[in-house]
Amino acid sequence: MGLALPEGRHTCLVCIPLELITCFLCLRMERRFISVLLAFWMELPGLAFAVWMLICFYASVSGYPNGKVRAACTSMIPCHGSSPQLSPEHTITVNGTEFKPGDSIEVHLSGPVFEGFFIQARDAEHLESPALGSFMLADRRVSQLLTCGHTKNSAVSHTSKAKKKHIKVYWIAPGDAPKRVQFLATVVKKYKTFWVKIPGPIVSQPNALSPTTPLHATSEAVSTSHPASYLSKPFNASGCGRTKFCIRNPSNCDPESASCFFLSFQQERSSVFIEMSGPSEGYLAFALSHDQWMGGDDAYLCVGEDHRIHTITAYLKGRSPPVLDSENALEDVSWRLVDGLLQCSFRRSIRLPAYKGRFNLDASYYIFLADGEASEGGVIHKHHHQPLITNGMYNVTGLPQDIGGSRSPRLIKAHGALMFIAWVTTVSIGVIVARFFKPVWSHSFLFGKEMWFQVHRMLMLTTVMLTSISFVLPFIYRGGWSQQAGFHPYLGCTVMALAIFQPLMAGFRPSRHAPRRQLFNWFHWSTGTAARILAVEVIEYDRVQILQSLTSAEAEGRLFKQIVLTIYVCGNIVFLIAFLAAINQI
């Protein structure tokens, strides 16, 4: 469980970086593949180096079934290549609620059969602080002591991956203990099924004052602790634009419809009542953002698990999976899941100063609305298509409005459309003209040049112009280079460079009978062909991001699809006519 140095191994200049590499590999590769890599590396010269490789790979790949997981002391997260589960199945109990320094508290961890565990005690008001106190063991066969930070025996873990249902240990309160202490546990049911920072009971010193703000566990895997009720009937759009701030896609759709994505906010004194609906059996989510791309956002998810819906708050960090938490910030949670239509509602205060990551609702934000799949255990996956994003920033507690949004910004749509026209229509016609119409138009002239050449040059310059405009649009939209778009910007830059290089090279072409004319023809053809091949990759990416990002019910997207289809059909008709005309002249 996790990435850690086994007991007694302190300074291993070779193994430390190799373990980091192996932790990455465990996220990407199956164990059998890693075994093949291990066999390959063992062939390298140097027996000592091979032995070190074997030790390092075995330690990380095996997931530390021996429980020596000190590297997980801070995060309590195992490096097992999957996300934590949402709702814990195991519980932590204690034999008392008060303690004095030096007292012993009996701690129990129990639940369905599990393989690994990791238990700590922390300051209840600062759960990211280091582990507190020390533990004593009740059964050394199944549990062992670990040192986290500078505190000896401040954590307990398993000794093997043998199946177990119950663990008992004793916690000794330190002399400098805070007023309130909470027990946390990470439990591994099997390699890819685990829960992180399961919150246990809070124990207090005598006469400790009640906290002024709710105590909460900063778990990454636990849903809100408020009980959820079942919605007896679906909610509707009544009050949208009058008493409620609503976002609907398609515009003016009915949230009772199986094709309608719906989100509403209704202020009620110092709180806001929120409703969310959409066609999904996995999850629905919305986020408040300061800009129109993901990262640094306040998110709320309704996640399906075992025919139930869990409402969870989260924080978005870039395009990585959301960081789920269990902040006790939501009230009046209700849900409904019928015929693939997921609906959930809840209430939260306009201002939540005690909860990190929660935005104030009396300010303006861009609003995202997304849906996707959730696998067994409530693990969420990347959304099906581009999230719906409002076209502007809105204050949901301000003037009630009834608005829509877009799953692909206008500038990005224009970018894809221009690339499509340039590299599917104009460049293709230009190539056909140059290839087949030289003999057809050999005696026809336009502005003093052969007609086929003038038409070819005009179409290719049009391609360069359209590509240049298309190239600039994403930079305008993103405000610079995108660090999150993968290889696509690099392909685009390469296509742009090749598109500009072609006419520049053509300006220096030798005369028809010059010795170097064949060399020029080869370079001209190869550069153009390379540009077209790369442009196909760029267009395919744009097609996935734009056309497939639109839902079948999105009215705003139908016109765009029809325009693209018309261009495509007309372009192919022109190709066909040109090809038939060339055949007729042979």
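## Sheet, cores and loops in a predicted model

Strands E4 and E7 pair in the antiparallel sense, and four bridges link them. E7 covers residues 164-172. One bridge joins Leu137 to its partner Val169 in E7. All of this describes a predicted model.

The pair belongs to an open sheet of four strands. Their order is E1-E2-E7-E4, and the pairing is antiparallel. Which strands stand at the edges? They are E1 (91-94) and E4 (134-137). Each has a single partner strand, so one side of each is left without a neighbour in the sheet. From one strand to the next, the twist averages 30 degrees. In general, strands of a sheet pair through backbone hydrogen bonds.

Next come the nonpolar cores. The largest one holds 30 residues. Which of them touch the most other members? Those residues are Phe245, Leu263, Phe265, Met276, Phe286 and Ile367. Eight stretches of strand are listed as giving two or more residues to this core: E11 (245-249), E12 (261-268), E13 (271-279), E14 (283-289), E15 (297-305), E18 (331-338), E19 (341-349) and E20 (366-375).

Take Phe265 as an example. Which residues does Phe265 contact, leaving aside its neighbours within four places in sequence? The partners are Lys244, Phe245, Val272, Phe273, Ile274, Phe286, Ile367 and Val396. Phe245, Phe286 and Ile367 are named in both places: they are contacts of Phe265, and they are also among the residues that touch the most other core members.

A second core is separate from this one and has 25 residues. Among them are Leu109, Phe117, Phe135 and Val187.

The loops hold some backbone features of their own. A cis peptide bond joins Asn249 and Pro250, with omega about 0 degrees. Pro250 sits in the loop between E11 and E12. Asn252 is found in the loop between E11 and E12 as well. Asn252 is not a glycine, yet its phi is positive. Arg269 also has a positive phi and is a residue other than glycine. Its place is the loop between E12 and E13.

| Residue | Phi | Relative accessible area |
|---|---|---|
| Asn252 | about 65 degrees | 62% |
| Arg269 | near 60 degrees | 81% |

Are these two residues buried or exposed? Exposed means over 50% relative accessible area. Asn252 has 62%, so Asn252 is exposed. Arg269 has 81%, so Arg269 is exposed too.

Note on methods. Residues are numbered from 1 along each chain as its sequence is written. This is a predicted model: local features need pLDDT of at least 70, side-chain atom pairs count only at pLDDT 80 or more; totals for chains, interfaces and linings use all residues. Side-chain values use heavy atoms; hydrogens and water are left out. Two strands pair if DSSP finds at least two bridges between them. Axes are lines fitted to C-alpha atoms, for helices over the stretch in contact, and angles run from 0 to 180 degrees between N-to-C directions. A nonpolar core is a set of buried Ala, Val, Leu, Ile, Met, Phe, Trp, Tyr and Cys residues joined through side-chain atoms within 4.5 Å. Buried means under 20% relative accessible area, exposed over 50%, partly exposed in between (1.4 Å probe, protein chains only). Contact means heavy atoms within 4.5 Å.
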